[in-house]
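Please look through the structure shown here with attention to how its parts are packed and paired. The paragraphs that follow go from the interior to the strands and then to a single loop position.

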Amino acid sequence: MAETAVQDVAMPRLSDSMEEGTVLNWRKQVGDEVAVGEELVEIETDKANMGYEADVAGTLLEIVVAENETAPVGAVIARIGEPGAELPSTPGEPEPAPTAPAPTAPTADGHGSNGGRVKASPLARRIARELGVDISLLSGTGPGGRIVKKDVEGAAGSTPPPAPAAPAPTPAPVPVAPGSPETAKGQVEYVELTKLQQVVARRMSESKATAPHFYLTTEVDMGAAVAARARIKAHLAGEGEVVPSFNDMIVKACAIALRKFPRANGAYRDGRFELYSRINVGIAVAAQDALVVPTVFDADKKGLREIAADARALAAKVRDGRVTPPELSGGTFSVSNLGMYGIKSFGAIVNSPQAGILAVGEIADRPVVKDGQVVPGKVMEMTLSCDHRILYGADGAEFLAEVKRILEEPLALSL
């Protein structure tokens, strides 16, 4: 059957910053029928684990990238087509010439003295290396005569392993075995970063290195906001609705202020300003061993209850690994709140390419001066981190003052 009956399934780009993905779980196996829109594979991206739905129908003829293996975006990970269709060779693995002589010095990878290479799946090659099986001597039972996992495992159970190959290059450092002599720092454990952690580390390093940060801090009298939230909570009691948090109020206040200061709702990119028409506020959420910033879209047009519902739904998706690429990539400004941990104030790193991020501390009981008298007050510190290429000192100060004004007169949150 012609090769046109086979269609490649490429590693999809499931987020704007995704460069490679790891196959976690194939939902279908070779020989299974696949329908358009049916979930085919679960992939670990740089931001979350996501299911990928097939965009073509047919029979799953070949799995090129096995579970727990990684491939770059655009690489072939599987092939779908008509049963019995002839499979093309995987790029970089040419078919051996029909008249090629038998290899005289085969290896587990299938290379012979003539430099040819047999047809085998990447998983079969890896298992052959691990089990010491001479893959060039096997006959494949997969589509087009390709050697697959079961061929290698069958050969491993019926033939003795060959002599050990030459020593492999020195592997990367591994955790010190229990009982090993301790260094001055004690025993050393090496922990590999997840893809999400790798991306967070890379993007934060790039932001700090390329965006000239400066920081502005102010104190907010949250007395009126605390009283307003208490009234909202009492009003919603027994209705089963989500009660907006102080962070929801801060998100709304930022959204209102961003309408007045459009440069704060933009970015510096490629030597020019990008100013966005939509106001989408990202909220920093602690995922497992990483930080994710999902987006509350059009926060300036939403009421507090709607923002509260969106924020809680996004946090749940982050914790469950169900957050989607659009929910992670559309932010125009960000808020990071560590007040629940008792943090008084801190400076956050700008979530590039955004212009700024607001870092929020705890609401604490502190003495304040009102009408010349020292009285108890509810005080919160906020620090605005700015990319100096688009937000200058006066711009940032005016924006921060507007957020402060709105929170101190929370009636504006309903406008």
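**From the core to a loop**

Leaving aside residues up to four places away in sequence, Val403 touches Ala253, Cys254, Ala257, Leu358 and Met382, and these contacts, like everything described here, belong to a predicted model. Val403 is also a member of the largest nonpolar core, a set of 51 residues in which Val335, Leu358, Phe399, Val403 and Leu407 touch the most other members. Helix α5, which spans residues 246–260, contributes nine residues to this core, the largest share. Another core, made up of 23 residues, lies apart from it, and among its members are Leu14, Trp26, Val34 and Leu40.

The strands can be followed starting from β2, which covers residues 20–26 and is joined by three bridges to β7, residues 70–72, with the two strands running antiparallel. Within this pairing, Glu20 has Pro72 as its bridge partner in β7. Strand β2 also pairs with β4, residues 39–44, again in the antiparallel sense, this time over four bridges, and here the bridge partner of Asn25 is Glu42 in β4.

The last stop is Gly321, which is found in the loop that lies between α6 (304–320) and α7 (325–329). Is this glycine, Gly321, buried or exposed? Gly321 has a relative accessible area of 24%, and because buried means under 20% and exposed means over 50%, Gly321 counts as partly exposed. Although Gly321 and Asn49 are separated by 272 residues in sequence, their C-alpha atoms are 5.7 Å apart in space.

Methods:
Residues numbered from 1 in each chain as written. Predicted model: local features only at pLDDT ≥ 70, side-chain atom pairs only at ≥ 80, totals over all residues. Heavy atoms only, no water. Buried < 20%, exposed > 50% of the residue type's maximum accessible area, 1.4 Å probe, protein only. Pairing = 2+ DSSP bridges. Core = buried A, V, L, I, M, F, W, Y, C linked by side-chain atoms within 4.5 Å. Contact = heavy atoms within 4.5 Å.
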